Amino acid sequence: MVTTGLPNFANYPLKYRKSLLKRGGGPSLNLMPELSWNHVCQVREHWKGNLIVKGILRKEDALKAIDVGAQGIVISNHGGRMFDSSVPPIEVLREIADSVGHELTVLADSSIQRGSDIFKLIAAGAKAVLVGRSMLYATAAGGRQGAMQMMQILSDELAMTMDLSGCRTLADIDESLLFRGQY
Ligand SMILES: Cc1cc2nc3c(=O)[nH]c(=O)nc-3n(C[C@H](O)[C@H](O)[C@H](O)COP(=O)(O)O)c2cc1C
């Protein structure tokens, strides 16, 4: 911390990065309550590559993502960090994937901590999953090597879950392997 300061978001402009020694702090990056689909349209106009909209949790918004010209969506509640009462992705994935999966690449994240978590989101309709905090923790603990090790653990656990569920390939993982009833 003395030499390089507090860890910061590298993608933030310098004036928004917090410092241990800066009193009062500078401007902070607050949420934008007025953020709307119009902003996504603006991004679409400026960005000609693949556009992926993250944070979708219902079918209507997934359909909207198609309307604005996105190629993919991430079903995500951002790990429940901002709003811990938000719906878990696994509860809404199936309906969304069934509605838009033929037109959009449907990804998912939030609270992947084991390989079996990956298995469940894929069974619920995700093409692939993203990992947030596990990657940060692993990197903090062991740098690049730690991150590689974390991914290997998740990969081994996923392979084990597939073996125990009779799946040879990712394509074999489907909804029938999920138990959604009550114990
Ligand atoms: C420190 C931190 C900052 C984050 N900032 C953002 C952000 O600015 N925008 C966003 O869409 N998600 C943000 N996320 C959420 C992640 O992109 C991701 O959706 C979430 O961490 C996935 O859940 P997991 O951490 O349980 O794997 C952030 C997550 C962390 C841990």
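The shell of residues around the ligand in this predicted model divides into 3 nonpolar, 6 polar and 4 charged residues. Of the 13 residues that surround the ligand, K54, D109, S111, G132 and R133 come nearest, and the space that the ligand takes is the largest pocket. Three approaches between N or O atoms of the protein and oxygen atoms of the ligand can be described individually. In the case of R133, an N or O atom of the side chain is 2.7 Å from an oxygen atom of the ligand, whereas for G132 a backbone N or O atom is involved, lying 2.8 Å from an oxygen atom of the ligand. For H78, an N or O atom in the side chain is found at 3.4 Å from a ligand oxygen atom. Taken on its own, the ligand has an accessible area of 610 Å², and the protein covers 69% of this area.

The fold that provides this setting is a protein chain with 5 helices and 4 strands, which follow the pattern α-β-α-β-α-β-α-β-α when read along the sequence. The C-alpha trace of the protein chain spans about 55 × 40 × 35 Å along its principal axes, and of the 183 residues in the protein chain, 28% are buried.

The loop between strand 2 (72-75) and helix 3 (89-100) holds H78, the residue whose side chain places an N or O atom 3.4 Å from an oxygen atom of the ligand. The backbone of H78 has a phi near 55°, a positive value in a residue other than glycine. Such a value merits mention because most residues other than glycine have a negative phi. With a relative accessible area of 36%, H78 is partly exposed, because this value falls between the limits of 20% for buried and 50% for exposed residues. N77 is likewise found in the loop between strand 2 and helix 3, but its relative accessibility is 12%, so that N77 counts as buried, the limit being under 20%. The side chain of N77 takes part in two contacts that can be specified: one reaches the backbone nitrogen of G79 at 3.1 Å, and the other is a polar contact with the side chain of S110 at 2.9 Å.

The loop between strand 3 (105-108) and helix 4 (115-123) contains S111, one of the residues that come nearest to the ligand. As with H78, the phi of S111 is positive, at about 65°, although S111 is not a glycine. S111 counts as partly exposed, because its relative accessibility of 44% lies between 20% and 50%. D109, also among the residues that come nearest to the ligand, is found in the loop between strand 3 and helix 4. In contrast to the partly exposed S111, D109 is buried, because its relative accessible area of 11% is under 20%. The C-alpha atoms of D109 and V53 are separated by 13 Å, with the two residues lying 56 residues apart along the chain.

Further positions can be described by their place in the chain and by their separation in space. P13 lies in the segment before helix 1 (37-46) and counts as partly exposed, with a relative accessibility of 42%. Between the C-alpha atoms of P13 and H102, which are 89 residues apart along the chain, the separation is 37 Å. E91, by comparison, has its place in helix 3 and is exposed, because its relative accessible area of 54% is over 50%. E91 and F9 are 82 residues apart in sequence, and the C-alpha to C-alpha distance between E91 and F9 is 31 Å.

Key:
Residues numbered from 1 in each chain as written. Predicted model: local features only at pLDDT ≥ 70, side-chain atom pairs only at ≥ 80, totals over all residues. Heavy atoms only, no water. Near = heavy atom within 4 Å. Polar contact = N/O pair within 3.5 Å; in protein donor to acceptor, adjacent residues only side chain to side chain. Areas by Shrake-Rupley, 256 points an atom, 1.4 Å probe, with all protein chains shown as cover. 1 Å grid on protein atoms, 1.4 Å probe; cavity = no way out; pocket = protein on both sides within 12 Å on 5 of 7 lines; lining within 4 Å. Sits in = over half its atoms within 2 Å of the grid points. Nonpolar A, V, L, I, M, F, W, Y, C, P; charged D, E, K, R; others polar. Helix = DSSP H or I, 4+ residues; strand = E, 2+ residues; numbered from the N terminus. Buried < 20%, exposed > 50% of the residue type's maximum accessible area, 1.4 Å probe, protein only.
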